[in-house]
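Q: I'm new to this one and would like a close look at a single part: the sheet, and what sits around it. Could you walk me through it slowly?

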Amino acid sequence: MNDVERLEKDGHEEEGLEKKLLGHVGRAVADFGLIADGDRIMVAVSGGKDSYTMLHVLRALQRKAPVKFSLVAVNLDQGHPGYPGHKLEAWLKAEGYEYRMLKEDTYSIVLEKLEPGVTQCSLCSRLRRGVLYNAAVSLGCNKIALGHHRDDLIHTLLLNQLFAGTTATMPPLLHSNDGRNTVIRPLVYAPESLIAKFAEAKQFPIIPCDLCGSQENLQRKKVKKLVDELEREHPFVRSSLMKAMGNLHTSHLLDTRLWQQATEKKIDHAA
Ligand code: SF4
């Protein structure tokens, strides 16, 4: 295969991946009413594969969708030593995105407040959320898009069931308690493997996520390993878990609040 043929082949593959991602995002938008006419969406871009992909696909959707909405990409430098935000900024500029680069040293706060060796992620992401929520209001954005994908939802569901005694995952759309923000997750149906392939094909300038030096969340790591192992033997485990989240039989669970409603409905129906 010569260079021209190889470029053509790569272009077709990239187009195919983008089409699949657009399909997943379009379905999530339709199923959960994620985007409405006139929305101004702040897209949180960390510099990881997921957020680059989300930004790219939302712009592709913006060009095709019948509703009009605007996007502003926002990156937050949390003060981690050696954070290469300039790589991301150069890319955003070259691609013609509206963007803001924010800086807020939450890293020092995390170091100050936590004992060494304790996982930093919970405090770190709470602080990040606070900064991003305020930024959305000042930028006139009514929605904040986060890049969590299908596998994040699956792992969160299992983590909640195994370690927190609840059946819940990350919601596709969530209104914040103070009513100022609405968080949307357009990638909820998109498999991580597809996002990884697309990010590689597009050669996004990825910012590594280990600059903070935090320990990995061990429970999340274990759950991911468990799902990977199961999937090797049963290739539809992830699809089944996703389907299970949208296919609850409330009368066959033990939540007394839902059980009562389900039983009442049956009695109504019989009457
Ligand atoms: S991995 Fe690091 S930057 Fe990411 S949430 Fe955890 S502490 Fe924060």
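A: Start with β1 (residues 40-44) and β2 (residues 70-77), two strands that run parallel and are joined by 5 bridges. You can pick out facing residues along the pair: I41 stands opposite L71 in β2, and A44 stands opposite V74 in β2. Keep in mind that you're looking at a predicted model.

How buried is β1? Of its 5 residues, 4 are buried, so β1 is largely enclosed by the rest of the structure. Its partner β2 is mostly covered too, with 6 of its 8 residues buried. For a bit of context, 26% of the 271 residues in the protein chain count as buried.

Now let's widen the view from that pair to the sheet. In total, 6 strands make up an open sheet, and reading across, the order is β3-β2-β1-β4-β6-β5. The pairing is mixed. Which strands sit at the edges? Those are β3 (99-103) and β5 (173-175), and each of them pairs on one side only. The sheet isn't flat in its strand directions either: on average, neighbouring strands are turned by 25° against each other, direction ignored.

Let's go over to the β5 edge. There, β5 pairs with β6 (residues 182-184) in the antiparallel sense, over 3 bridges. If you want a spot to find by eye, look for H175, which stands opposite T182 in β6.

Next come the helices on the sheet. Helix α3 (residues 85-95) lies across β2 and β3, and it runs at about 165° to β2. Then there's α5, which packs on the sheet and touches β1, β2, β3 and β4 (143-145). The direction of α5 makes about 145° with that of β2.

To see α5 up close, try V131, which lies in that helix. Is V131 buried or exposed? It falls in between: with 16 C-beta neighbours inside 10 Å, V131 counts as partly exposed. Setting aside neighbours within four places in sequence, V131 is in contact with L76, L102 and E104. You can also compare V131 with M101: they are 30 residues apart along the chain, and their C-alpha atoms are separated by 12 Å.

Just ahead of α5 there's a loop worth a glance. Q120 is found in the loop between α4 (106-113) and α5 (121-138). With 18 C-beta neighbours inside 10 Å, Q120 counts as partly exposed. The C-alpha atoms of Q120 and V110 are separated by 6.7 Å, and these two residues are 10 positions apart along the chain.

Let's look at another loop, the one between α7 (192-202) and α8 (218-233), where you'll find Q203. Q203 is exposed, with 7 other C-beta atoms within 10 Å. There's a backbone detail here as well: Q203 has a positive phi of about 55° although it is not a glycine. That's a bit out of the ordinary, because most residues other than glycine have a negative phi.

Helices also meet each other in this model. Take α6 (residues 150-164) and α9 (residues 237-245): their axes come within 10 Å and cross at roughly 70°. The two helices are therefore roughly perpendicular to each other. Which residues meet there? From α6 you have R150, L153, I154 and L157, and from α9 you have R238, L241, M242 and M245. By class, this contact has 6 nonpolar, no polar and 2 charged residues.

Finally, step back and take in the whole chain. The secondary structure comes to 10 helices and 6 strands. The radius of gyration is 21 Å, close to the 18 Å that the globule rule gives for 271 residues, so the chain is as compact as a globular protein of that length. Along its principal axes, the C-alpha trace spans about 65 × 55 × 45 Å. And of the contacts with a separation of 6 or more, 76% are between residues 24 or more positions apart. The β1 and β2 pair from the start fits that kind of long-range view, with residues 40-44 of one strand bridged to residues 70-77 of the other.

How values were computed: Residues numbered from 1 in each chain as written. Predicted model: local features only at pLDDT ≥ 70, side-chain atom pairs only at ≥ 80, totals over all residues. Rg over C-alpha atoms; globule rule 2.2 N^0.38 Å. Buried ≥ 20, exposed ≤ 12 C-beta atoms within 10 Å, placed from the backbone. Contact = placed C-beta atoms within 7 Å. Axes fitted to C-alpha atoms, helices over the stretch in contact; angles between N-to-C directions. Parallel < 35°, antiparallel > 145°, perpendicular 65-115°, else oblique. Nonpolar A, V, L, I, M, F, W, Y, C, P; charged D, E, K, R; others polar. Pairing = 2+ DSSP bridges.
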